[in-house]
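Q: Please take a close look at the salt bridges of this protein, and then continue to the other features that can be described.
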Amino acid sequence: MKIDAVLFDMDGLMLDTERLTMKAFDWAGEQLGYQPMGYMVLKTLGMSGASCIKIFADEFPDGPDFDEVRLKSKEFFGQYVKENGVPVKPGLFELLEWLKAKGYKMAVGTSTRESSARPELESAGILPYFDEMVCGDMVAAGKPAPDIFLEAAKRLGVPPERCLVLEDSPNGIRAAYAAGMQPVVIPDLQEPDEEILGKAIRRLQSLYEVPALLTELAETDA
């Protein structure tokens, strides 16, 4: 199986931010006079802003809305990052250096808005590794629709079937599968169920295992 490009999700895959986001949503809910809302992060993993808005409206018909909680949570998140930096997943820099040395094209494909994603990637020091970045507000439909990944492949000039997609969330795997790509699940907060394992070509424990997988795929194509 020939792979020419590797597409990366952001939160929970490269950036160890989903647990931090849960804490931020807990804090935001309390600050707004409601209950802790960290559990809503699990309900909206990998989804676009529009989908999150609908889920929040269904869960809290009397308020608050998603944007209100999101904006408030950014206060907590921003203060943490200011004091501690953006946390990254183990093996990320080693993988990025390896892919760069091997000549793979790389893109970020995230449901997060560009206004939030870009500064986080810059702060973590990983944005320069990528040839392209496609965010949730750059396409018509977010994950689990395939739009984000298809746009990334188009910008890279690589056929979808030659793109390996690294994802932690079920909706991300669904999006990669719908795009006709090669999905790899590296779980973070959620363990994949049978549906997701059936859509992924492999389940890995960490980013450290990706080079071995790519080497194996290259050998089978030879």
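A: The count of salt bridges comes to 20, where a salt bridge is a side-chain nitrogen of Lys or Arg within 4 Å of a carboxyl oxygen of Asp or Glu. The model is predicted, so local features need pLDDT of at least 70 and side-chain atom pairs pLDDT 80 or more, while totals for chains, interfaces and linings use all residues. Residues are numbered from 1 along each chain as its sequence is written, and side-chain values use heavy atoms, without hydrogens and water.

One of the salt bridges joins the side chains of K89 and D16, at 3.8 Å from N to O. This pair links distant parts of the chain: D16 belongs to the loop between β1 and α1, K89 to the loop between α4 and α5 (92-102), and 73 residues separate them. Helices (H or I, at least four residues) and strands (E, at least two) are DSSP runs, numbered from the N terminus.

Another loop, between β3 and α7, holds P144. The peptide bond leading from K143 to P144 is cis, and its omega is near 15°. Most peptide bonds are trans.

The strands, 6 in number, build an open sheet in the order β3-β2-β1-β4-β5-β6, with parallel pairing; two strands pair if DSSP finds at least two bridges between them. At the edges stand β3 (132-134) and β6 (202-203), each of which pairs on one side only. Strand β2 (residues 105-109) runs parallel to β3 and is joined to β3 by 3 bridges. Within this pairing, V108 stands opposite M133 of β3.

The largest pocket (an open set of points on a 1 Å grid where a 1.4 Å probe fits, with protein on both sides within 12 Å along at least five of seven lines) is lined by 35 residues, lining residues having an atom within 4 Å of a point. D11, T21, R70, T112 and E120 lie nearest the centre of this pocket. Two or more lining residues come from each of α1 (18-31), α3 (49-59), α4 (66-84) and α6 (114-124). Helix α4 gives the largest share, 7 residues. This is the helix that precedes the loop of K89.
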